[in-house]
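Student: Could you take me through one part of this model at close range? I'd like to see how its pieces are joined, and then what lies beyond it.

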Amino acid sequence: MYDDNIYCSRCPVCNHSQLTQIYQFKNFCVMKCKKCKNSWRTNMYDQEKISSIYRSDEYAKDPFFLYEKNHVENLTKKRYKNFHRGLVNIESKTGVGKLLDVGCGSGAFLSIAQERGWHVDGIELSSSLAQICEQNVNITVTNTSFEEANLPTNYYDAITFWDIIEHVIDPVFCMKKAKTLLKSGGVMLFCTPNEDSLLAGVAWTLYKLSSSYYSYPALALHPDYHTYFFSRQGLIKTLLEINMKPIKSYSQEAFFEHSPLASEIQKRVIALIEKVGSIFDYSYELVILAEI
């Protein structure tokens with residue numbers, strides 16, 4: 001069972017004490033703050049554990065990080081199309097300039113940005129992925145955590161967090177640090193699973209109606225390597241608290257093709273739910289742009 005610790009009594013995002021328990025799994029609970037509307041796991045990791053996860057060879061070999069240059073150039077894969085859409089939205093506010101990608105992986109997003117004329121920098125905790133990114137994009141990647149990185153202030157036009165903010169121990173610290181690195185008028189982009197998506201809603205309904213017997217779908221959406229689970233309302237509230245101005249939010253269909261957890265039938269059901277969710281802008285992945 002989960003440990004009864006501080007994460008069961010205080011919100012780690014806003015320090016509020018009015019919490020509700022959303023899920024109780026075997027090894028942890030998912031709590032939600034009634035004030036900021038964000039959620040988190042109760043068995044929170046420390047920085048040493050986070051580093052060990054993302055510096056492991058197993059993590060670097062995840063199919064999610066496969067880099068296929070021909071697909072990037074042709075934008076034929078859903079994931080790359082999502083990157084392209086994000087850049088279009090960023091450029092509508094900043095034009096093309098200096099961009100930092102936090103958790104750059106093997107460099108697929110940076111490659112697309114570079115092709116569009118951006119001067120790109122990357123940060124990656126995995127040394128294996130950092131080396132691959134350097135080879136793929138022909139840049140020097142900062143091989144450390146964003147929290148520890150020594151970076152120039154008032155320098156970047158855009159900073160992107162593609163599927164990163166849900167992995168950190170202190171998301172507010174990361175947001176505040178990113179703010180100091182942006183030029184006036186600069187933009188942050190966050191992409192993270194949406195706790196209020198249709199897919200998450202279906203998982204929660206199965207969990208509740210079965211009295212937690214059908215917990216697999218919900219557990220799969222709250223994996224071991226995610227520390228926080230944001231809603232659209234919650235992430236926007238958090239950005240407003242640090243005086244960032246949210247300027248655009250939308251959802252996009254998740255990239256589940258790489259997942260080893262789901263069977264082919266489950267992946268087809270997920271794809272169907274995502275198609276329905278996209279009609280109402282409630283797909284699984286949430287994208288929010290905020291301006292300094």
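Tutor: Two strands count as paired if DSSP finds at least two bridges between them. With that in hand, and remembering that this is a predicted model, let's look at one small sheet. E1 and E2 pair over 5 bridges, in the antiparallel sense. A hairpin joins these two strands, with 4 residues between them. One of the contacts across the pair is easy to find: glutamine 21 has methionine 31 in E2 as its bridge partner.

Now step across to the next strand. E2 (residues 29-33) is joined to E3 (residues 39-41) by 3 bridges, and these two also run antiparallel. Methionine 31 turns up again here, standing opposite tryptophan 40 in E3. Lysine 32, for its part, has serine 39 in E3 as its bridge partner. E2 and E3 form a hairpin too, with 5 residues between the strands, and there lysine 37 takes a positive phi near 70°. E2 itself is largely enclosed by the rest of the structure, because 4 of its 5 residues are buried.

Put together, the sheet is open and has 4 strands, in the order E1-E2-E3-E8, with antiparallel pairing. E1 (19-24) and E8 stand at its edges; each has a single partner strand, so one side of each lacks a neighbour in the sheet.

E8 leads us on to a helix. Strand E8 (228-229) is among the elements that cover the buried residues of H7, together with strands E4 (98-102), E6 (156-162) and E7 (182-193) and helix H10 (232-241). H7 spans residues 171-181, and its buried residues are Pro171, Val172, Cys174, Met175, Lys177, Ala178 and Leu181. Take Cys174 as an example: its relative accessibility is 1%, so it counts as buried. You might wonder about a covalent link for it, but a search of the whole structure finds 0 disulfides. The nearest cysteine sulfur to that of cysteine 174 belongs to cysteine 104 and is 15 Å away. Cysteine 191 is buried as well, at 0% relative accessibility. Its sulfur lies 16 Å from the closest cysteine sulfur, again in cysteine 104, which is too far for a bond.

One more feature deserves a visit while you have the model open. The structure holds 1 cavity of 30 Å³ or more, and the largest cavity has a volume of about 60 Å³. Its lining is made of 10 residues, with Arg79, Asn82, Asp163, Gln252 and Glu285 nearest the centre. By class, the lining divides into 5 nonpolar, 2 polar and 3 charged residues. Helix H4 (residues 78-94) gives the most to this lining, namely 3 residues.

Asparagine 82 is a good place to pause, as it sits in helix H4. Its relative accessible area is 11%, below the 20% cut-off, so asparagine 82 counts as buried. Beyond its neighbours within four places in sequence, asparagine 82 is in contact with Trp162, Gln252, Glu253 and Glu285. Of these partners, Gln252 and Glu285 are also among the lining residues that lie nearest the centre of the cavity.

How values were computed:
Residues are numbered from 1 along each chain as its sequence is written. This is a predicted model: local features need pLDDT of at least 70, side-chain atom pairs count only at pLDDT 80 or more; totals for chains, interfaces and linings use all residues. Side-chain values use heavy atoms; hydrogens and water are left out. A disulfide is a pair of cysteine sulfur atoms within 2.5 Å. Buried means under 20% relative accessible area, exposed over 50%, partly exposed in between (1.4 Å probe, protein chains only). On a 1 Å grid over the protein atoms alone, a cavity is a set of points where a 1.4 Å probe fits but cannot get out, and a pocket is an open set with protein on both sides within 12 Å along at least five of seven lines; lining residues have an atom within 4 Å of a point. Grid points are joined across faces, edges and corners, and a volume is the space filled by probe spheres set on the points. Ala, Val, Leu, Ile, Met, Phe, Trp, Tyr, Cys and Pro count as nonpolar, Asp, Glu, Lys and Arg as charged, and the others, Gly among them, as polar. Contact means heavy atoms within 4.5 Å.
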